[in-house]
Every structure is written in structure tokens, then in C-alpha cells.
Amino acid sequence: MWIDALANLQKTGELGVLITILGSAGSAPRKSGSKMVVTADQCFDTIGGGQLEFLLIQKARELLLGNHSEPVLEYFPLGPRLGQCCGGSVSALLEPVTTCGFRIALFGAGHVGHALVNVLAPLDCQITWIDSRAERFPDAIPGNVQVCISDRPELEVENLQEDTFVLVVTHNHQLDFAITEATLKHDNSRWLGVIGSETKAKRFRQRLEHRGCFSSADIEQMRCPVGLNNVGGRKPAEIAISIAAEILSIHNGSRDEKNKKREGIPWQDLKKSLYSHEHEAAQ
């Protein structure tokens, strides 16, 4: 069912397009309100089959390939345009489904890692939680959190998607450094935060400089100590809140800039489009 597919997209972070039949005139394969979900390689449910469904699936995958985020309204006179024997017409809305607002790679399942999951999981995000110690993960894992048990957590950096927030809070300074170095080499993260003190930050920067393969600009991408200073506190929950606040300040700041522009289909245009399609169908 399409609604189960949407729930699964939310859990996995995969992108998709929700297709809804908004209206129909005359003879049409399915009634208004029929829905289906299309991903890059799968379809869930149906809006009637035939050439109409084929073209809508094709259009949905074009939106996915183009990273299109706006809804699109399509009108199909079934006889003239599609050669279907129904003879009616259909208006369909294609809505790209953004299943998560942002992605976080959380390295470390210690006390701070647990506190961070408690704070971050209720947000509109997808979390990959990485540690080598299987016993450190709780039995109950939120739906938008994927556990990754790896003997070499630093190697998991290569599997992270572009623009991921990388957060390093492991139990071992050497491991923290290995993950930090791998993240800077991979060079496609949105942000890199490393837990620690000013002394730890200084040592990490010196070691990165001695590697000889990172510029000053590269090294400055590492945010250490991570977290907003004015939040304060040393308890795991307080540290988690300060780190989450920093991540949200970056994510929501860029989102607010984007939202200054008009998005979606203006109501006036939608009304005009639907009216013209109904008028054509009546003729």
C-alpha cells in the first residue's frame, strides 16, 4: 500500500514521489483521491495502470533525477493524448517526498551518544549511529535511527551521503582523530563536530597540520569543542542539548534563507489550471 511505502521512506531516508489523482471527468481508470508512491526503482499501489500510469511514473522519476522538490500538476485527456479508450480526463498531482530534513552520522554509543539520540531522534532527521560495541546500543531504537556496528568506524565515513552532519563522540581520542581525519579527506560532509576540550582541539589541529595534506581551511571545518558555549553544563543531557542546538542553528539558518523564496504552486495558479482543464474536458 502507498501509505506503508511512505512510512518506509521515512524510516530509510529514500526519496520518492507521491502521485494523487486530483480529479477526473468522464470515464477514467481510478476515482479522485487514488494514490501511488514511486521511487527510483519501485512502485507501490496503482492509479489505474495503462499509459496514464506509465507516463506518471516516468514523470515522477524525472523529478527524482532532477532533485525536484516542488509539487507538479499534470493534466491528461485520456483519448487524444494517451490513446486510451476511456475517453475521459485526469488531473494528477506529483509531490516529491522529502523524507528527512537532514542527515546525521553519530559516531559513539556512550553516555553522550545515548543522550544525543534522545534529543535528535524526535527531529526531522535521519541518524546513522555508529560504534564498534554492539552491547552499547539500546534494545529500542527510534524509527529514524539506523544502527551500524563496525570494527573500524572510521571506514564508515566513505559510506556517508553528501551533506551529512558528522558528529564524533566516541570513547577513544585516537578513534576520534581517525574519524575526523577520514571525514576531512572524504570532503563532502556538511559539518564536522568533535567532542572535547580546547587542549584536545589544539592537539588535533597540530596533528592534522603535520599530516601535510590538509589546508588551514580544511582544518577549520572541524568544530571542536562542539556545542554552543552559552548552553553550558557537563552532564550528558546538557552536552547533547548544546550540540543539538548548534546543529539546528546551522540547519534552520540555511532553511530559513531558502524559505524566503516562494515555494510550491500558488493557489491562484492552481485554481486557474484546474478551471481550464475542467473547461477543456467539458468541450
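Okay, let's start with the rings: a search of the whole structure turns up 4 aromatic pairs. Before I go on, keep in mind that this is a predicted model.

Take F102 and F165. Their rings form an edge-to-face pair, 5.6 Å centre to centre with 70° between the planes. F102 sits in strand β6 and F165 in strand β9, 63 residues apart, so here the pair links distant parts of the chain. Are these two buried or exposed? F102 comes out at 6% relative accessibility, so it counts as buried, and F165 is buried too, with a relative accessible area of 0%. Another edge-to-face pair is W129 with F137, at 5.0 Å centre to centre and 85° between the planes. W129 and F137 are both buried. And there's a cluster as well: ring pairs link F102, F165 and W191.

Now the sheet. What is the strand order? It's an open sheet of 6 strands, and you read across it as β8-β7-β6-β9-β10-β11, with parallel pairing. The edges are β8, residues 145-149, and β11, residues 222-223; each has a single partner strand, so one side of each is left without a neighbour in the sheet. Look at the β11 side for a second. β11 pairs with β10, residues 191-194, in the parallel sense over 2 bridges, and in that stretch G193 stands opposite R223 of β11.

What lies across the sheet? Helix α4, residues 111-120, lies across β6, β7, β8 and β9, and it runs at about 170° to β7.

On to the cores. The largest nonpolar core has 25 residues, and the members that touch the most others are I104, L106, L116, L167 and I247. β6, α4, β7, β9 and α8 each supply at least two residues of that core. There's also a second, separate core of 22 residues, which includes F107, V166, L175 and A182.

Let's zoom in on I104. Which residues does it touch, once you skip neighbours within four places in sequence? I104 is in contact with L120, C125, Q126, I127, T128, T164, F165 and I247. So F165, from the ring pair, turns up again in the contacts of I104.

Next, a couple of loop residues that are tucked away. V157 is in the loop between β8 and β9, yet V157 is buried, at 2% relative accessible area. What does V157 contact? Leaving out neighbours within four places in sequence, V157 is in contact with F107, I179, A182, T183 and H186. With T183, the separation is 26 residues in sequence and 6.1 Å in space, C-alpha to C-alpha. F107 and A182, by the way, are among the residues of that second core.

The other one is T39, in the loop between β2, residues 35-38, and β3. T39 is buried, with just 1% relative accessible area. Its contacts, with the same neighbours within four places set aside, are L9, E14, L15, G16, F44, R61 and L64.

Now some backbone oddities to check on your screen. Where is the cis peptide bond? Go to the bond from C224 to P225: it is cis, with omega near 0°. P225 lies in the loop between β11 and α8, residues 236-259.

Then two aspartates with positive phi. D45 has phi near 75°, and it isn't a glycine. D45 lies in the loop between β3, residues 43-44, and α2, residues 50-65, and at 31% relative accessibility D45 counts as partly exposed. D187 also has a positive phi, about 55°, without being a glycine. D187 is in the loop between α5, residues 173-186, and β10. D187 is exposed, at 51% relative accessible area.

Last topic, cysteines. How many disulfides does the structure hold? It holds 0. For anyone who wants the reminder, a disulfide is a covalent bond between the sulfur atoms of two cysteines. As for surroundings, C213 is partly exposed, with a relative accessible area of 45%, whereas C224 is buried, at 5%. And C224 is the residue we just met at the cis bond to P225.

That's my tour, thanks.

Terms used: Residues numbered from 1 in each chain as written. Predicted model: local features only at pLDDT ≥ 70, side-chain atom pairs only at ≥ 80, totals over all residues. Heavy atoms only, no water. Pairing = 2+ DSSP bridges. Helix = DSSP H or I, 4+ residues; strand = E, 2+ residues; numbered from the N terminus. Contact = heavy atoms within 4.5 Å. Axes fitted to C-alpha atoms, helices over the stretch in contact; angles between N-to-C directions. Disulfide = S-S within 2.5 Å. Buried < 20%, exposed > 50% of the residue type's maximum accessible area, 1.4 Å probe, protein only. Core = buried A, V, L, I, M, F, W, Y, C linked by side-chain atoms within 4.5 Å. Phe/Tyr/Trp six-rings, centres within 6.5 Å; stacked < 30°, edge-to-face > 60°.
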